[in-house]
Amino acid sequence: MGGSTKPAREAGKALALRRALLALQKEYGPTGRKFAQQTGVQSGTWSRYMTGQQKPSEQMINKICDNLDVNGERRANLLSYLHDTDVQQWVALTLPEQQAMFAFYLDREDASHDISEANALIVPGLAQTRAYAEEIMKSGEAIRDVPRNERSTRVNARVGRRDILTRANPVNFHAFIGEAVLNQVVGSRALMADQFRYLLHLAKQPNVEIRIIPFSGSGFHPALEGSIVRLNTEEGAFFHVEFHGTSMMLNAKPDIDRFKNRLDAIEAVALKEDASLRMIAEYAERMERAA
């Protein structure tokens, strides 16, 4: 599953800052020199920002944002990335911190060639239907303090993320889903039947593997402690771990090794793919009959 896992060389926040600044350059300016002039930053200084040799100050980030008219969540994310850039255990507790981390997560997800996700309680985001995602977001408004006016934007973003599974050079995706997900009715039984049929459809793609962690025989496994996602990129591997509203982005070697072992343990108790797909089909039929 997923090939080799090597730790990323650069701490998550440091890379997040560089990637966010690079995204600004791509959006607002064709070349480093012209863009530096547009932002009021010397070209040599901007070059050092891009290589990680120098970190901009908070004052400089605000100056760049002022000159480019960058505000709201995007400015807040840039300012958030300035702190603890050398820490490889990035922890996000508040909603603004999680928004900043998620922006970087999306960047790493898009850059991945192989993704593994284990979730005992909900369908992984890349495998969700729009209707299922909407129900999750609706609950999130109360549980996670997600603003109601963001629901549509977040659902569209989640559905759009699935494109990485079907693009010209698609990511390899390995999903490990708890059997509890097949029993929990989110929205309605008809909605769940459609979600299960979508999982079966996805599994027909050669780059997608979907396996169920069964109630029987799996015992206590690491996915019961929280969701685990491994993003394998050219820069190295990142683990994104989530539990009780807390998110972590990890890329230090001890953490990479620890969570690789946890994914291996989950894979060891999961059903083989053929048996998993038969179970999903059976649950789809049950939901359809009960709808």
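In helix α3, which spans residues 43–51 of this predicted model, the residues Thr45, Trp46, Tyr49 and Met50 are buried. These four cover an arc of only 140 degrees around the helix axis, which puts them on the same side of α3. Such an arrangement can be read against the geometry of the α-helix in general, in which there are 3.6 residues a turn, so that residues three or four places apart point the same way. Just after α3, Gly52 takes a positive phi of about 80 degrees.

Elsewhere in the model, seven strands form an open sheet with mixed pairing, and their order across the sheet is β1-β7-β6-β5-β2-β3-β4. Strands β1 (89–92) and β4 (208–213) stand at the edges, where each has a single partner strand, so that one side of each is left without a neighbour in the sheet. On average, and with direction ignored, neighbouring strands of this sheet are turned by 10 degrees against each other.

Within this sheet, strand β6 (residues 236–243) has six of its eight residues buried, and it is therefore largely enclosed by the rest of the structure. Strand β5 (residues 227–233) pairs with β6 in the antiparallel sense over seven bridges, and the two strands form a hairpin with two residues between them; in this pairing, Leu231 has Phe238 of β6 as its bridge partner. Strand β6 also pairs in the antiparallel sense with β7 (residues 246–250), here over five bridges. In that second pairing, the bridge partner of Phe239 is Leu250 of β7, while Glu242 stands opposite Ser247, also a residue of β7. The hairpin of β6 and β7 likewise has two residues between its strands, and His244 in this hairpin takes a positive phi near 50 degrees.

Strand β7 also contains Met248, a residue that is buried, with a relative accessible area of 18%. When the neighbours within four places in sequence are left aside, Met248 is in contact with Phe239, His240, Val241 and Phe243, and also with Trp90, Val91 and Met101. A further relation links Met248 to a distant part of the chain, in that Met248 and Ala92 are 156 residues apart in sequence, yet their C-alpha atoms are 6.2 Å apart in space.

Key
Residues are numbered from 1 along each chain as its sequence is written. This is a predicted model: local features need pLDDT of at least 70, side-chain atom pairs count only at pLDDT 80 or more; totals for chains, interfaces and linings use all residues. Side-chain values use heavy atoms; hydrogens and water are left out. Buried means under 20% relative accessible area, exposed over 50%, partly exposed in between (1.4 Å probe, protein chains only). Two strands pair if DSSP finds at least two bridges between them. The arc is that of the directions from the helix axis to the C-beta atoms. Contact means heavy atoms within 4.5 Å. Axes are lines fitted to C-alpha atoms, for helices over the stretch in contact, and angles run from 0 to 180 degrees between N-to-C directions.
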